[in-house]
Amino acid sequence: KYTKKNEVSLPIKLRDPSIAIPAGLDIAFTEMPDPAKVYLLSIDTAGGLGLDYTAFTFIDPDTLEAVGGFKTNTSDDEAVKELTRYIMVDLFPKTIAVIERNYLGIVLINYLIKLTEANLESRIFYIEKEKVAERTVGRISVKNKKRVRVYGVDTSVTSRETMIRHLFQL
C-alpha cells in the first residue's frame, strides 16, 4: 500500500471476478483524486512470486509529486494487466501510463495496445527512435531508415542512479 500521508483509499473492483486481488489491496491517495485529471501512472512490474513488488504510483503532473499508489508482490501478470485496464479505463480515463520496459512491462504494454475498448495506445509513454535496417542485394548494401515508437521506459543501474540524483535535486 502507498502510505505517504494516506487520506483517501479507493477499493479495487475488477470486472472479472476470477482474477485474484490480495485482500485489502486499495489504491491509497494523499488527497481526493480527481477522475478528470491527467495523472501520470508509473508502473514497475514484477513476477508476483512474493519476491519483488509490482508498484503503481500516481504522479500529479502539475507538481510532479507522488499523490497515490499501491504495491503488491503476489499479483500475477493477468492481475496486473486487469488492474491497469481498470485504472486507465474505469477510474482515471485520462491517465498516462509510464511503464518500465522489463519482461512483464513489455507484456503489459502489448496488452494495453491491443485493447479495443479504449484508445490506450495513445496514453502509454513512448519515445521515437530511428531504426536502421541494412540488407545486401548482390554486392550493394542498402540501408533503410524508419522512425519507430518505443513504448515504456528502459531502466538500468545507470538510469536509476540518474533518476535518483535528479529526484534529490528537486
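Two residues are in contact when heavy atoms of theirs lie within 4.5 Å. The model is predicted, so local features need pLDDT of at least 70 and side-chain atom pairs count only at pLDDT 80 or more, while totals for chains, interfaces and linings use all residues. Residues are numbered from 1 along each chain as its sequence is written, and side-chain values use heavy atoms, with hydrogens and water left out.

**Exercise 1.** Describe the place of Ala46, and decide whether Ala46 is buried or exposed.

Solution. Begin with the secondary structure, where helices (H or I, at least four residues) and strands (E, at least two) are DSSP runs numbered from the N terminus. Ala46 is found in the loop that runs between strand 3 (40-44) and strand 4 (54-59). Next, take the relative accessible area, for which buried means under 20%, exposed over 50%, and partly exposed in between (1.4 Å probe, protein chains only). Ala46 has a value of 6% and is therefore buried. Finally, look at its partners: leaving out residues up to four places away in sequence, Ala46 touches Asp52, Tyr53, Thr54 and Leu104.

**Exercise 2.** Find which residues line the largest cavity, and sort them by character.

Solution. A cavity is a set of points, on a 1 Å grid over the protein atoms alone, where a 1.4 Å probe fits but cannot get out, and its lining residues have an atom within 4 Å of a point. Grid points are joined across faces, edges and corners, and the volume is the space filled by probe spheres set on the points. There is one cavity of 30 Å³ or more, and the largest cavity has a volume of about 40 Å³. Its lining consists of Thr45, Ala46, Asp77, Val80, Lys81, Leu104, Val107 and Leu108. To sort them, count Ala, Val, Leu, Ile, Met, Phe, Trp, Tyr, Cys and Pro as nonpolar, Asp, Glu, Lys and Arg as charged, and the others, Gly among them, as polar. This lining then divides into five nonpolar, one polar and two charged residues.

**Exercise 3.** Work out which residues have the most contacts inside the largest nonpolar core, and which elements supply it.

Solution. A nonpolar core is a set of buried Ala, Val, Leu, Ile, Met, Phe, Trp, Tyr and Cys residues joined through side-chain atoms within 4.5 Å. The largest one has 27 residues, and those with the most contacts inside it are Phe56, Phe58, Ile87, Ile99 and Leu112. Among the elements that each supply at least two residues of this core are strand 5 (66-72), helix 1 (77-91) and helix 2 (103-114). Helix 1 gives the most, with seven residues. For Phe56, leaving aside neighbours within four places in sequence, the contacts include Leu41, Ile43, Phe70, Val80 and Ile87.

**Exercise 4.** Explain what the salt bridge between Asp60 and Lys37 ties together.

Solution. A salt bridge is a side-chain nitrogen of Lys or Arg within 4 Å of a carboxyl oxygen of Asp or Glu. The structure holds seven of them, and in one, the side chains of Asp60 and Lys37 meet at 2.8 Å, N to O. Asp60 lies in the loop between strand 4 and strand 5 and Lys37 in the loop between strand 2 and strand 3, so the pair ties together parts that are 23 residues apart in sequence. Both Asp60 and Lys37 are buried. As a last step, note that Lys37, Asp60 and Asp62 are linked in a network of salt bridges.

Definitions and conventions
1 Å grid on protein atoms, 1.4 Å probe; cavity = no way out; pocket = protein on both sides within 12 Å on 5 of 7 lines; lining within 4 Å.
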